[in-house]
Amino acid sequence: MIKVTCGGVYYKNGAFLSEAEGRGAGLAVPEQAKGGTMAHGILQGHNTSGDTNRLKVRFDALVSHDITYVGIIQTARASGLERFPVPYILTNCHNSLCAVGGTINEDDHMFGLSAAKKYGGEFVPAHQAVIHSYMRERYAAPGKMILGSDSHTRYGAYGTMAIGEGGPELARQLLEKTYDVAYPPVMAIHLTGAPRPGVGPQDVALALVGATFADGIVKNAVMEFFGPGVKQLSMDYRSGIDVMTTETTCLSSVWCADETLKEHLAVLGRGAEYHAQDPADGAYYDGLIEIDLSKIEPMIALPFHPSNAYTIREFKANMDDLLHQVDEDTVRQLELKRRPESLRAKIVGGRFMADQGVIAGCSGGTYQNLVRTAELLKGSGIGSDAFWLSCYPGSMPAMQELTRRGYLADLMAAGASVRSCFCGPCFGAGDVPANGAFSIRHSTRNFPNREGSRPMDGQVSYVALMDARSIAATARNGGALTGADELPDFPADPASEPYQYDDASYRARVYFGVGKPKPETELVLGPNIADWPEQIALPEHLLLTACAAIYDPVTTTDELIPSGETSSYRSNPVKLSEFTLSRKDPDYVPRAKEVLALERLRRKNPADPKVVEALLGHDGAVTGLGSFVMAIKPGDGSAREQAASCQRVLGGCANVAQEYATKRYRSNVLNWGMLPFVVADLEQWNIQPGDRLYIPNIRAALEAGREEIRATLIQNGKTTDVTLCLPAMTQEERDIVCAGCLINYYAK
């Protein structure tokens with residue numbers, strides 16, 4: 001099904017050669033031959049450094065949604081923003097329900113509209129489109145690069161290299177700075193064969209994530225898709241695979257550009273933006289993943305990660321054992337004091353009964369997915385028992401076409417609930433299941449609590465990821481889990497899905513202000529919109545207190561700062577910080593606040609007796625007090641900067657990790673002025689909340705470019721000399737941390 005080759009390969013005459021075979025055949029050395037990849041051409045076309053190995057990238061466009069754009073613009077505004085230098089698209093698809101916290105969601109939207117007018121941007125009102133559907137339709141094209149403040153910023157199927165990062169990286173672009181990154185590894189993803197009837201893009205994606213995530217095979221790499229199998233896939237199908245590459249922890253993705261894309265761009269009215277794009281003969285790749293599409297089966301990713309993937313056939317043959325493992329994972333990952341009812345109770349008469357189906361967002365809500373769903377459910381009903389189904393088209397043009405062809409009527413007649421364009425079910429702000437319920441979703445993630453439950457209040461529900469086709473098959477069977485390939489009448493997906501694009505809704509509602517700033521416009525600042533609190537520069541020495549110690553193999557950004565109920569407060573850094581680690585360690589916030597109070601007192605009066613006691617004999621005039629979070633591998637998942645900035649607002653000065661799950665989380669830590677320490681044998685230190693790290697001369701060490709930092713670990717009165725590492729920090733990153741955060745750095 002999927003074959004992984006680690007180590008370099010050459011692509012020659014439609015086949016792959018090992019590095020030794022390629023050199024024996026007279027091919028160029030890898031350093032030269034990597035120039036034949038699609039990724040290389042795009043990256044160097046946007047690189048301003050003149051150094052092919054240390055990139056300084058400027059993007060063609062930026063995009064944010066309504067959970068992130070307020071903080072980004074506030075950050076850039078504090079640093080001197082005068083206008084948007086490139087197209088900046090502000091979409092409203094996360095807080096669009098305007099149902100939490102009074103007026104604050106719509107206040108954010110009014111801020112966004114006023115900012116688009118003032119600085120010259122594009123504003124997409126709520127319910128018009130989810131962020132990535134809009135960018136595919138309006139901006140993605142071969143050879144472009146787009147930066148978004150959402151981790152699923154992936155438009156590779158359109159030949160675009162798109163990257164999801166935290167807000168500070170977008171603020172940098174708004175200030176006409178660059179995105180600085182080492183030249184990434186490039187992995188060939190070679191597709192052959194054609195999908196079988198009933199197998200959809202989520203099935204291919206889950207198989208790919210399952211084969212790559214655990215071993216970090218493509219971590220921080222570019223995944224480059226090509227091969228004869230590509231022409232068997234429609235644009236929606238390609239995008240459905242592509243958007244899920246985020247879950248492999250890759251940096252970005254790009255696909256070859258062929259006639260299917262050419263025709264699709266013409267339908268969108270952007271045919272002139274097409275040009276062919278393929279790897280050159282003799283191109284060199286850092287690794288190879290071969291996917292035979294004809295061997296992919298319908299998949300299910302069980303809680304609590306997209307990589308926890310099995311074929312539905314395997315799941316049904318081993319339900320008891322696999323559900324027992326989910327039960328154990330539930331107790332462990334959610335740290336429950338009371339064990340909930342076993343999921344094995346959902347096996348009824350030999351069938352597993354799901355409670356809910358959702359097809360939504362940038363991965364699920366595509367036109368083709370909903371067409372297949374409607375075709376399967378036409379003339380059927382999902383039943384009047386507990387199971388229910390919600391369908392969210394990804395954009396108004398897609399919804400218009402589904403309406404024109406009668407597919408929405410078929411879905412409604414079958415009992416499905418059809419909603420507007422909204423990302424909420426993907427992060428816990430819509431369609432929250434009942435306590436104990438099991439939801440099957442064609443969306444992007446199934447992390448703990450991602451569906452919106454609150455285990456701290458005794459609520460536990462579950463999400464498994466599946467393709468829309470198998471969700472439809474399950475719905476037709478009243479919630480009995482069914483792979484779409486089990487139904488004999490399921491239609492195959494055509495490589496070119498008939499589609500008529502009508503952007504009348506955009507022309508009627510979107511504010512198109514790119515390149516037309518109106519500086520006289522006043523920003524609309526609702527009562528919940530607050531500036532970032534002041535952050536001070538890095539002192540000469542640090543004495544840090546561990547306020548959380550997390551020993552899970554991976555810590556997601558959802559665990560660092562929850563999604564769902566916190567979304568409405570992302571425009572208010574101080575209020576939002578109250579939720580930091582609330583699902584993982586409810587005592588983190590009070591611990592961090594206690595340290596922050598002492599630090600504030602130190603700044604006013606370093607001789608105060610409480611400060612003197614806390615400093616353990618160190619000089620309060622030059623030694624700062626702060627907190628740190630210890631986690632084995634933090635930062636998997638969302639690009640949200642608040643996973644780091646909330647720690648900083650509460651006085652955080654560092655993360656101490658064995659490794660960082662993603663580049664984007666490490667970047668967020670740095671941009672918010674915190675030190676991204678790495679310790680290889682971290683688990684052996686057995687850090688617990690309350691332990692302390694004294695780091696003398698930390699500022700001088702940063703300024704001198706040192707990567708190994710001597711420190712003292714203080715545990716229960718015992719001191720141990722330790723070494724903290726800061727690998728691969730650039731000079732600018734060091735300067736940002738010394739300044740206290742990115743805002744201070746630019747102000748300085």
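Before I begin, one definition: when I say helix or strand, I mean a DSSP run, a helix being H or I over at least four residues and a strand being E over at least two, numbered from the N terminus. With that in hand, let me start with L581, which lies in the loop between α21 (573-577) and α22 (588-604). Please keep in mind throughout that this is a predicted model.

L581 has a positive phi of about 55°, although it is not a glycine, and because its relative accessibility is 1%, below the 20% cut-off, L581 counts as buried. N686 makes a useful companion, since its phi is likewise positive, near 55°, and N686 is not a glycine either. That residue sits in the loop between α26 (682-685) and β30 (692-695), and with a relative accessible area of 44% N686 is partly exposed. A third backbone detail is the peptide bond from P303 to F304, which is cis, with omega near 15°; F304 itself belongs to the loop between β14 (299-301) and β15 (309-311).

Let me turn to the interior. The largest nonpolar core has 84 residues, and the members that touch the most others are I73, Y88 and L191. If we leave out residues up to four places away in sequence, I73 touches L81, F84, Y88, L90, F111, A115 and Y119. There is also a second, separate core of 73 residues, and among its members are Y139, V326, F387 and M399. As a general remark, nonpolar side chains in soluble globular proteins tend to be buried together.

Next comes helix α18, residues 468-476, which is largely enclosed by the rest of the structure because eight of its nine residues are buried. Those buried residues are A468, R469, S470, I471, A472, A473, T474 and A475. What covers them? The cover includes the helices α8 (201-212), α11 (312-317) and α14 (367-377), together with the strands β18 (356-359), β19 (388-391) and β21 (438-442). After α18 comes G478, whose phi is positive, near 70°.

One residue of α14 lets us look at this packing from the other side, namely T373, which lies in that helix. With a relative accessibility of 0%, T373 counts as buried, and, leaving aside neighbours within four places in sequence, T373 is in contact with I359, L411, A468 and A472. Two of those partners, A468 and A472, are among the buried residues of α18.

Finally, the empty space. A search of the whole structure finds three cavities of 30 Å³ or more, and the largest encloses about 230 Å³. Of the 26 residues lining that largest cavity, the closest to its centre are H65, H94, D150, F427 and R450. Three helices, α6 (131-138), α13 (361-364) and α17 (424-427), each supply at least two lining residues, with α13 giving the most, at three. By class, this lining is made up of eight nonpolar, 13 polar and five charged residues.

The second largest cavity holds about 50 Å³, and the residues lining it are I163, G164, E165, N220, T249, C250, L251, T662, K663 and R664. The elements contributing two or more of these are β8 (161-164) and α25 (663-671), and the lining of this second cavity divides into three nonpolar, four polar and three charged residues.

Terms used
Residues are numbered from 1 along each chain as its sequence is written. This is a predicted model: local features need pLDDT of at least 70, side-chain atom pairs count only at pLDDT 80 or more; totals for chains, interfaces and linings use all residues. Side-chain values use heavy atoms; hydrogens and water are left out. A nonpolar core is a set of buried Ala, Val, Leu, Ile, Met, Phe, Trp, Tyr and Cys residues joined through side-chain atoms within 4.5 Å. Buried means under 20% relative accessible area, exposed over 50%, partly exposed in between (1.4 Å probe, protein chains only). Contact means heavy atoms within 4.5 Å. On a 1 Å grid over the protein atoms alone, a cavity is a set of points where a 1.4 Å probe fits but cannot get out, and a pocket is an open set with protein on both sides within 12 Å along at least five of seven lines; lining residues have an atom within 4 Å of a point. Grid points are joined across faces, edges and corners, and a volume is the space filled by probe spheres set on the points. Ala, Val, Leu, Ile, Met, Phe, Trp, Tyr, Cys and Pro count as nonpolar, Asp, Glu, Lys and Arg as charged, and the others, Gly among them, as polar.
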